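Please open the model in a viewer and keep the sequence panel at hand. The stops below are arranged as a series of selections, each followed by a description of what is found there.

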Amino acid sequence: PGCHEAIAFARRRVMQREVDLRVEASDKSGCMIGHLYTPGGDNLAEELVREGLSKLHFTADRYANYSTMASLETAAMKQRKGVWADYQEPTAEELAAKAASANPESVKDRKTSFK
């Protein structure tokens with residue numbers, strides 16, 4: 001599963017239909033960040049995540065519907081939908097290694113001189 005399935009899904013929901021676009025913010029370059037609602041009132045992004053056709057971006061926690069989106073993504077993972085079909089839960093060792101690499105001990109040994 002990938003972009004082609006997500007594009008086809010989105011086209012079936014919104015192509016040649018009136019939609020509701022609600023702008024929440026804009027980024028530094030002026031691109032709008034918001035939500036697209038289908039004629040039935042469903043949030044298209046939530047539908048894509050629910051079906052496993054999209055993943056949450058690491059900045060998603062900045063927005064109001066993050067908890068809903070995160071729970072939809074978790075459900076899609078558990079059901080192995082779409083992009084999550086081959087998903088493997090990380091082992092305790094993998095989680096520990098990731099945590100260790102995120103906070104390297106070598107940083108404290110670095111000496112800097114600001115003059």
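Begin at the surface by selecting Leu21, Val23 and Met32, which together make a nonpolar patch of about 320 Å². The model on display is a predicted one. Within the patch, Val23 belongs to strand 1, which covers residues 20–26. Val23 has a relative accessibility of 47% and therefore counts as partly exposed, since the exposed class begins over 50%.

**The whole chain**

Next, colour the protein by secondary structure. Four helices and two strands should appear, and their order along the sequence is α-β-β-α-α-α. The protein has 115 residues, of which 23% are buried. Switching on the surface displays an exposed area of about 9000 Å², with carbon and sulfur atoms supplying 53% of it. If contacts between residues at least 6 apart in sequence are considered, 40% of them join residues at least 24 apart.

**Salt bridges**

How many salt bridges does a search of the whole structure find? The search finds three, and each is visited in turn.

Select Arg13 and Glu47 for the first stop. Their side chains form a salt bridge in which the closest N and O atoms are 2.8 Å apart. This pair links distant parts of the chain, as Arg13 is in helix 1 and Glu47 is in helix 2 (residues 44–50), 34 residues apart. Helix 1 itself spans residues 3–14. A distance drawn between the C-alpha atoms of Arg13 and Glu47 should read 9.7 Å.

Are the two partners buried or exposed? Glu47 is buried, with a relative accessible area of 6%, whereas Arg13 is partly exposed at 29%. Now display the surroundings of Arg13. Apart from neighbours within four places in sequence, Arg13 is in contact with Thr38, Pro39, Leu44 and Glu47.

Move to Asp20 and Arg22 for another salt bridge, where the closest N and O atoms are 2.7 Å apart. Asp20 is partly exposed at 32% relative accessibility, and Arg22 is likewise classed as partly exposed, at 44%. Keep Arg22 selected, as the tour returns to this residue below.

Then select Glu51 and Lys81, whose side chains meet in a salt bridge with an N to O distance of 3.9 Å. Glu51 lies in the loop between helix 2 and helix 3 (66–79), and Lys81 in the loop between helix 3 and helix 4 (92–102), so the pair ties together parts that are 30 residues apart in sequence. Both ends of this bridge are partly exposed: Glu51 has a relative accessibility of 31%, and Lys81 has a relative accessible area of 24%.

**Charges over rings**

Return to Arg22 and add Tyr37 to the selection. The charged end of Arg22 sits over the ring of Tyr37, 4.1 Å from the ring centre. Arg22 is thus found in two settings, with a salt bridge to Asp20 and a position over the Tyr37 ring.

A second example is displayed by selecting Lys55 and Trp84. Lys55 lies over the face of Trp84, at 5.0 Å from the ring centre.

**The aromatic pair**

Keep Trp84 in view for the next selection. A pair of aromatic rings is described by the distance of the centres and the angle of the planes. A search of the whole structure finds one such pair. It is formed by Trp84 and Tyr87, with 5.3 Å from centre to centre and 90° between the planes, an edge-to-face arrangement. Planes over 60 degrees apart count as edge-to-face, which is why a pair at 90° is given that description.

The two residues may then be coloured by accessibility. Trp84 is buried, with a relative accessible area of 7%. Tyr87 is partly exposed at 22%; the buried class ends under 20%, so Tyr87 falls outside that class.

**A last stop in a loop**

Finally, select Ala64, in the loop between helix 2 and helix 3. With a relative accessible area of 75%, Ala64 is exposed. Add Glu24 to the selection and draw a line between the two C-alpha atoms: their separation is 9.3 Å, although Ala64 and Glu24 are 40 residues apart along the chain.

Key. Residues numbered from 1 in each chain as written. Predicted model: local features only at pLDDT ≥ 70, side-chain atom pairs only at ≥ 80, totals over all residues. Heavy atoms only, no water. Phe/Tyr/Trp six-rings, centres within 6.5 Å; stacked < 30°, edge-to-face > 60°. Buried < 20%, exposed > 50% of the residue type's maximum accessible area, 1.4 Å probe, protein only. Lys NZ or Arg CZ within 6 Å of the ring centre and 35° of its normal. Contact = heavy atoms within 4.5 Å. Areas by Shrake-Rupley, 256 points an atom, 1.4 Å probe, with all protein chains shown as cover. Patch = residues over 30% accessible without salt bridge, like charges linked within 9 Å, V, L, I, M, F, W, Y side chains within 5 Å. Salt bridge = Lys/Arg side-chain N within 4 Å of Asp/Glu carboxyl O.
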